[in-house]
Amino acid sequence: MKIQIFGAPRSGTTCLYEAFRDSINYTMGIFEPLTPSWNYQLHYNKSKIKNHINTLNNHNLNIIEKNVLWDGDVMKGEIYREKILNFYISYFKNFDKLIFLYRKNTNESAKSLATAILTDNFHQPYKDINVDYTSFLPVTKAQSKMVEDLASYFNTPITYYEDLYSNNTQYINSFLDNFDIKVTNPIQFYHKLNTQNRLKQLR
């Protein structure tokens, strides 16, 4: 089983990735191989991507991979946007299950992204602070639209951050059933998605 988790930044992809990675036996996690600044350096490199896919296809473990749409080219016009869309369509066809995430609340998404960039803190708990996030809104909306278009192409429903991280066990069970994913440690899975464990701390 090869699962791809993909979303706009600050949409809960990391937490869901860790929840699956730690709750399904015989699983290998791969963290953001398409992000240019990470070690894999696969970004638009056809040779490296081909080798990466061959490794995934010949692996005897379950694969949980997650990526986020960092690419600022979504703001550069339709030609660049079409290039990105086609790239991800081709890449995602190598996975058995696709999970697309973004937030219903675009303002909260932009504010979270602004906070992470301005404080240089993407993966540690943080307190809510006042930041001017208006300059982040256009790219956040464009990224969310790209995720929506990819989900539409693959006829896969969007998973919304606000629903997944709502402490609603019934919703989480329905989410797992809809994607036909069996977790071997459901308590660990529920715990990871509990809002008390999210990065943004309310108190």
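This is a guided tour of a predicted model, moving from the central sheet to the helices on it, then to a pocket and a single buried threonine.

Begin by selecting the strands and colouring them separately: 5 strands form an open sheet with parallel pairing, and their order is β2-β3-β1-β4-β6. At the edges of this sheet are β2 (27-31) and β6 (158-160), each of which pairs on one side only. If you look along the sheet, the twist from one strand to the next averages 25 degrees.

Next, keep only strand β1 (residues 2-7) and strand β3 (residues 62-68) in view, which run parallel and are joined by 6 bridges. To see one bridge pair, select F6, whose partner in β3 is N67.

Now bring back the helices that lie against these strands. Helix α2 packs on the sheet, where it touches β1, β2 and β3, and its direction makes about 145 degrees with that of β3. Helix α3 also packs on the sheet, in this case touching β1, β3 and β4 (97-102), and the direction of α3 makes about 160 degrees with that of β1.

Leave α2 and α3 displayed and turn to the second largest pocket, which holds about 210 Å³ of space. Of the 10 residues that line this pocket, K46, I49, F87, S90 and Y91 are the closest to its centre, and make a convenient selection. Both α2 (46-57) and α3 (78-92) supply at least two residues of the lining, with α2 giving the largest share, 4 residues. Colouring the lining by residue class divides it into 5 nonpolar, 3 polar and 2 charged residues.

Move then to helix α1 (residues 13-21), and ask how many of its 9 residues are buried. The count is 7 of the 9, so the helix is largely enclosed by the rest of the structure. To display the buried residues of α1, select T13, T14, C15, L16, Y17, A19 and F20.

The last stop is T140, which is found in helix α5 (residues 137-153). Is T140 buried or exposed? Its relative accessibility is 2%, and because the limit for a buried residue is under 20%, T140 counts as buried. With residues up to four places away in sequence left aside, T140 touches T106, S109, A110 and L113, so selecting these four together with T140 shows the contacts around the threonine.

Note on methods
Residues are numbered from 1 along each chain as its sequence is written. This is a predicted model: local features need pLDDT of at least 70, side-chain atom pairs count only at pLDDT 80 or more; totals for chains, interfaces and linings use all residues. Side-chain values use heavy atoms; hydrogens and water are left out. On a 1 Å grid over the protein atoms alone, a cavity is a set of points where a 1.4 Å probe fits but cannot get out, and a pocket is an open set with protein on both sides within 12 Å along at least five of seven lines; lining residues have an atom within 4 Å of a point. Grid points are joined across faces, edges and corners, and a volume is the space filled by probe spheres set on the points. Ala, Val, Leu, Ile, Met, Phe, Trp, Tyr, Cys and Pro count as nonpolar, Asp, Glu, Lys and Arg as charged, and the others, Gly among them, as polar. Buried means under 20% relative accessible area, exposed over 50%, partly exposed in between (1.4 Å probe, protein chains only). Contact means heavy atoms within 4.5 Å. Two strands pair if DSSP finds at least two bridges between them. Axes are lines fitted to C-alpha atoms, for helices over the stretch in contact, and angles run from 0 to 180 degrees between N-to-C directions.
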